[in-house]
Amino acid sequence: MPAKGKYMLNGQEQVGLYKQYCYIRQYQLLVLLLGISILSCVVLLVLFFALQLNALEHPAFVGVVSCGLALLGAVFAMVCCTETLFQRWMRLLAVAVWACLLIMGFVFTLSGSVTRAWDQVPFFLFTIFTVYTMMPFQMRDAVILSLVTSVSHIVVLSIVLTTSSKPPTFLTYQLVSNGVIFLCGNVVGAFHKVLMARALRQTFLDTLSCLEIRMKLEIEKRQQENLLQSVLPVYISMEMKLAIIERLKESKDAQQRLVKDNNFHSLYVKRHENVSILYADIVGFTRLASDCSPKELVIMLNELFGKFDQIAKENECMRIKILGDCYYCVSGLPVSLPRHARNCVKMGLDMCEAIKQVREATGVDINMRVGVHSGNVLCGVIGLRKWQFDVWSHDVTLANHMESGGLPGRVHITEATLKHLNKAYEVEEGNGHLRDPYLKEQNINTYLVIDPRSKESSVSSQRKTKQCRHNDGLKMRASVRMTRYLESWGAAKPFAHLQSRELCTPTGNCDLHANGKLRKDIPLRSLVCPRTTDR
């Protein structure tokens, strides 16, 4: 299972995301309120002039509605065009809208010929509801503005009506009734705001949970695909996955699905021509492994084969399988490559060079024996439950015998591979029939590739290498020296220190601790004398 941090948000990230979510919601509601208010002002003006009323007789109404329309339109333009400005001055713009609605309500109340105690109570009630439901205020601010709206209406009407020439009867009861209505409006608005806040929070948490589950499923799906592709080549794994999905879609019921559960009704086997097969075996590793603990053995194999996988990727080769200390791969799959023979030969030379560097640095007597042959193969997946990608053909068997009939530290090739090389490498007689009966039986002519890098090394560098080795380090068991040395590479990036060519200090002493142990930051070549770079 992937780590929690890969698809889970911490508390601070959730708070920031929730604020952004609330901001979007408040933005939408305020834009809706502005749109309703602007439309209402336009409708009022249209009705006013459609009824052919005289603007001179109602200057306050026309002026306030026109100014309110202009103010609301300006706020609407700022909110819609510049969201950054809205986010910064969100509450200030909301207060401006509230003040505009409040002024319009008082003008509507006082501009009539007769003023009554219940005038514009619905409009003020609408203003109270909008403060709670559509404006971006916290609960405390919403309660304060709603109470100001309610109290101001009662106070202004009480002053206007009590100072009039004919005060209405039962004015106190009417004002108390208005207060009760406004109180109910505040309670309902506050209750609605609390419910909406909880619903908004719950919706956010549910959405976040769905997103986290989806992210988790996507990551786990990607990990499963990576795991499948680490076992099978990509083109075969995709073909198999599509075939399995199609079979599951075709199944009608559970019983049929159980029958269809066998993933290998189809054979995923293809024939490929003009490919090269490489077999490589670590000479002396069996004797070294007998002196290793299980942990040391796993570390050595992981580091060595990790480096070989890196070399295979650089040379366009596909690793097929690891059998103990035997490593074999092909070049030319799944896409045919004209340089398949060169790729395998180059990879074999690089593997021999890597083992040589380890041998020179640690003093452990190991080597690499490589065999290469070019021909045709059948490749595919076998097994009912445990999937295994492999290649089969007479040419694969021949490549295996080329490895067993080779020489340590050399790349052993057949005449077929030599023809595909087009004189890219110099070769010499391999005499593989003298070391392997199968090659003699099949009358196979073999050759040994001459590594161009071998010409660049000199006898003096080899002598200097021997002098640079520390006597105390050689007193350790071979497996211990090997394990400690390979641990310095790091499994994630084997041979990471190969870039450094500085081996010994100017005084001739190697970089070792006083107790004779290797330092963890010593480069791979730190116990060997300088060599020329690879070709």
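These are my notebook entries on a predicted model of a single chain.

**Entry 1. The whole chain**

I began with the overall counts. The chain holds 18 helices and eight strands. Of its 535 residues, 41% count as buried. I then looked at how far apart in sequence the contacting residues lie. Among contacts between residues at least 6 apart, 73% join residues at least 24 apart. The chain exposes about 29300 Å². Carbon and sulfur atoms supply 60% of that area.

**Entry 2. Helix α6**

I checked the length of helix α6, residues 139-162. At 1.5 Å a residue, its 24 residues should span 34 Å. The end C-alpha atoms are 34 Å apart, so the expected and modelled spans agree.

Next I asked which residues of α6 are buried. I found A142, L145, S146, T149, S150, S152, H153, L157, S158 and L161. Residues three or four places apart on an α-helix point the same way, because there are 3.6 residues a turn. I kept that in mind while reading the list.

What covers the buried residues of α6? The cover includes α4 (90-110), α5 (121-133) and α7 (171-231).

I picked S150 in helix α6 for a closer look. Its relative accessible area is 6%, under the 20% cut-off, so S150 counts as buried. Leaving aside neighbours within four places in sequence, S150 is in contact with I128, F182 and N186.

**Entry 3. The nonpolar cores**

In soluble globular proteins, nonpolar side chains tend to be buried together. I looked for such groups here. The largest nonpolar core has 44 residues. Within this core, V79, F86, V97 and M135 touch the most other members. Helices α1 (11-50), α2, α4, α5, α6 and α7 each supply at least two of its residues. Which element gives the largest share? That is α4, with 12 residues.

I followed V79 outward. Beyond its neighbours within four places in sequence, V79 is in contact with Y27, V31, L34, F86 and L93.

There is also a second, separate core, of 35 residues. I noted I282, Y327, I355 and V364 among its members.

**Entry 4. Aromatic rings**

I searched the whole structure for aromatic pairs and got 12. One of them is F61 with F108, a tilted pair. The ring centres are 5.4 Å apart and the planes meet at 40 degrees. This pair links distant parts of the chain: F61 is in helix α2 (residues 59-81), F108 is in helix α4, and 47 residues separate them. Both F61 and F108 are buried.

I then turned to Y279 and Y328, which form a stacked pair. Their centres are 4.5 Å apart, with 5 degrees between the planes. This pair also links distant parts of the chain. Y279 is in strand β1 (residues 269-283) and Y328 is in strand β3 (residues 326-331), 49 residues apart. Are these two tyrosines buried or exposed? Y279 has a relative accessible area of 7%, so it counts as buried. Y328 is buried as well, at 3%.

I also traced a ring cluster. Ring pairs link F48, F49, F61, F106, F108, F123, F124 and F126. F61 and F108 from the tilted pair are therefore both in the cluster.

One charge over a ring went into the notes too. The charged end of R201 sits over the ring of Y18, 4.6 Å from its centre.

**Entry 5. Backbone details**

I looked for odd backbone geometry and logged three places.

- The peptide bond from L333 to P334 is cis, with omega near -10 degrees. P334 lies in the loop between β3 and α12 (340-362).
- Q120 is not a glycine, yet its phi is positive, near 60 degrees. I placed Q120 in the loop between α4 and α5. Its relative accessible area is 26%, so Q120 is partly exposed.
- N431 has a positive phi of about 55 degrees and is not a glycine either. It sits in the loop between β7 (427-429) and α15 (437-441). At 35% relative accessible area, N431 is partly exposed.

Note on methods:
Residues numbered from 1 in each chain as written. Predicted model: local features only at pLDDT ≥ 70, side-chain atom pairs only at ≥ 80, totals over all residues. Heavy atoms only, no water. Helix = DSSP H or I, 4+ residues; strand = E, 2+ residues; numbered from the N terminus. Expected span 1.5 Å × (residues − 1). Buried < 20%, exposed > 50% of the residue type's maximum accessible area, 1.4 Å probe, protein only. Contact = heavy atoms within 4.5 Å. Areas by Shrake-Rupley, 256 points an atom, 1.4 Å probe, with all protein chains shown as cover. Phe/Tyr/Trp six-rings, centres within 6.5 Å; stacked < 30°, edge-to-face > 60°. Lys NZ or Arg CZ within 6 Å of the ring centre and 35° of its normal. Core = buried A, V, L, I, M, F, W, Y, C linked by side-chain atoms within 4.5 Å.
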